[in-house]
Amino acid sequence: MTNLVIENIRRSLGRTDQSPLSLRPDIYEPRLPESVDSEVARFLDEIKKLSGVSQKLSPTNIASALKALIAEQNIRKATVWNTAHLRQLGIADTLQSLGVELASPNADKHEIAQCDLGITEADYLLSETGTLVLRSSAEKPRAVSLVPRVHLAIVCPEMLRADMHQVFAEAKDSDYLVFITGPSRTADIELTVTLGVHGPKNLYVWMMDE
Amino acid sequence: MTDTHPYIEFEKYSEHVPPSIPLAVQQATSRFVGGRAARVAELPQWEQLRQIGSDIRQHTIENMDVYLTKLEEKVEEAGGHVHWAETAAEARRIVLQIAKENNVKNVVKSKSMATEEIELNHALEAAGIESLETDLGEYIIQLAGTGPSHIIVPAVHLKKEEIAALFSAKLDINAPTDPIELARIAREVLRERFLNAGMGISGGNFLIAETGTLVMVTNEGNGRMCTTMPDLHVAVVGIDKVIPDWASLTVFLKLLARSATGQKLSTYTQFITGPRRAEGEFGPKEFHLVLLDNGRSKILKDPIGRDVLKCIRCGACANVCPVYKNVGGFAYGSFISGPIGAILSPQMYGTQTARELPYASTLCGACADVCPVKIPIPTILRHLRRRVAQGDELSESSMPAPIRATASLASLALAWNWIYRLGARLLPIINPFFRKDNWLSGMPYPLNRWTKVRPLPPFGARFRNWWKNVRSAKETESPR
């Protein structure tokens, strides 16, 4: 069944339903990665330029880093992605032992909205722009990186990609994919840059140094 | 049924621009122009990217039927619903129908030019559905009841004191004048609304035909909230937003934020393919895509004018436009302003309704220099001036007959060398009749439109003679 809009387009372009598709013009050569160290350094540096907080961190120092973050941001309630890597790092247990109340990442939206902190991993990282790329699923719900006022992403160098071209080649079958490039921002009132207008006000990125 | 857009009074408006508008607009544009220049300088392959972007948009326009058909198939495969809207009225009817079927009372909206184009908020309110703009700038102008003055920062014409007064009056609070505090208040107020809304409405920056994916680019996160919190998501998107595939998308994402705000990427870019698939996940249970034509398929018929549909809505053309910077966004009388508005509105609403807009330009060409997809805006402006003057199949010429006759004579003279030369020899004959102190004045209609304002030098100076003399003088001075 054809519709009127398509018919009008074909009439304007002088095409029919038999007209062939011409060849799409070629795109550019994707950027190639530099050494892992320089890609990591560039990624962490880009996040700082975006007013995020980024650092390399050894897994043995996770507990103390979490403790400092909780004190600094006055975290009382948190929600954490339910992934193997975050379980292995003992994130949820550490939070509980520090007196932080935990909400399931699959909890009702009203409960997620009460969380001060959301902890995720990333699926890919873009060094060129300091971008976290997150694919969503039941274990990795999209609200965790969005609704709490502080977002912490725990990432590792294997996730780095030199160009978004490679990310799309791997992830285009996702039902939901998001690029996060810095904390939520606006300049809508007198062009004053303001962080955290709807999404997280603070973005922390810890690069695991294993 | 097609809406008739009211006549766009660009000249009348621009004679009475409040002085605060150009001041605020120029602060915004100079910031964006500076940011863009810095990002472009970092990227050695910028010009190559622009060319590829332009080529892909051109290719998509020429094959639009194929890509839209593919898009529909893929969205439905992913569990989404596709609706085709030939007109603005039809698009409004479709959205209202979806709202009614789902018993929606409250809608949260993210900033979208397509929903501005179809004036969706009015329709929702008339049907008793509350529709709330959630982008901070859009929220402010919705409270104020005015239109946007800039594509990226719509409330830039309002001072923080005015916004504080607005918040105090409308939200029944005592709002401080600090922009950061004002943003915090908006966050709190809107957070409640996100959680309780029955439907989220968005636009879209791109539609990927390959997988049926909606791409949304935002900075505040309200776009993500609108598509994450409610169980129902309706996206209203122009048919011109379709692109072939994800590989093409990389080109446009690299061009868009750099051109718009001088960011490498906007804070949030989300890629939505159908409704949520997993239990326990957030995101809508139902996803509807309303594909809006509203005159676009008609624009495709004009092989010069249709390049306007390559636009990716970055606003870079407005930021460098000397006319826009002095009149602001309101003067363009439509959801889209600046040079791109000046070439879109006449094609969308008719060359009569928007006949002043192709002239709202100095043809300086700065817009074409910065356009990330190389839309030849000055060429299209000249083309539309011709359509306005001569009329076309859709509307009559808007020029008085004597002007048209004069213009035809002039074009004849410019096309034939001998007529031009003859005219140049004959014209001095009229000098004695109008000459006063070495100037011509008080000439008859239609030439009086010039001489009413300033006198004309007498006819007789002939460029060819002058040039011949200058050149021979130069050659004798410095022989090489």
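What follows is a short chat about chain B of a predicted model and its contacts with chain A.

Student: What kind of model is this?
Tutor: A predicted one.

Student: OK, chain B. How many helices and strands?
Tutor: Chain B has 23 helices and twelve strands.

Student: How is chain B divided into domains?
Tutor: There are three pieces to look at. Domain 1 takes 1-41 + 316-399, domain 2 takes 43-294, and domain 3 takes 401-477.

Student: How far apart are the C-alpha centres of domain 2 and domain 3 of chain B?
Tutor: They lie 55 Å apart. For scale, the C-alpha trace of chain B spans about 90 × 55 × 50 Å along its principal axes.

Student: What share of chain B is buried?
Tutor: Of its 480 residues, 50% are buried.

Student: And contacts within chain B, what share join residues at least 24 apart?
Tutor: Counting contacts between residues at least 6 apart in sequence, 73% are of that kind.

Student: Switching to the interface. How many residues of each chain are in contact?
Tutor: On chain B, 81 residues touch 55 residues of chain A.

Student: Which element of chain B gives the most there?
Tutor: Helix α10 of chain B, residues 179-196, with nine residues.

Student: What's the make-up of that side of chain B?
Tutor: It holds 39 nonpolar, 23 polar and 19 charged residues.

Student: Which strands pair across the chains?
Tutor: Strand β9 of chain A (residues 176-180) and strand β9 of chain B (residues 268-272). They run antiparallel, joined by five bridges.

Student: What stands opposite Val178(A)?
Tutor: Gln270(B), in β9(B).

Conventions. Residues are numbered from 1 along each chain as its sequence is written. Chains are lettered from A and ligands numbered from 1 in the order in which they are written. This is a predicted model: local features need pLDDT of at least 70, side-chain atom pairs count only at pLDDT 80 or more; totals for chains, interfaces and linings use all residues. Two residues are in contact if their C-beta atoms, placed from the backbone, lie within 7 Å. Helices (H or I, at least four residues) and strands (E, at least two) are DSSP runs, numbered from the N terminus. Ala, Val, Leu, Ile, Met, Phe, Trp, Tyr, Cys and Pro count as nonpolar, Asp, Glu, Lys and Arg as charged, and the others, Gly among them, as polar. Two strands pair if DSSP finds at least two bridges between them. A residue is buried if 20 or more other C-beta atoms lie within 10 Å of its own, exposed if 12 or fewer, and partly exposed in between; C-beta atoms are placed from the backbone. Domain bounds come from an automatic or database domain assignment.
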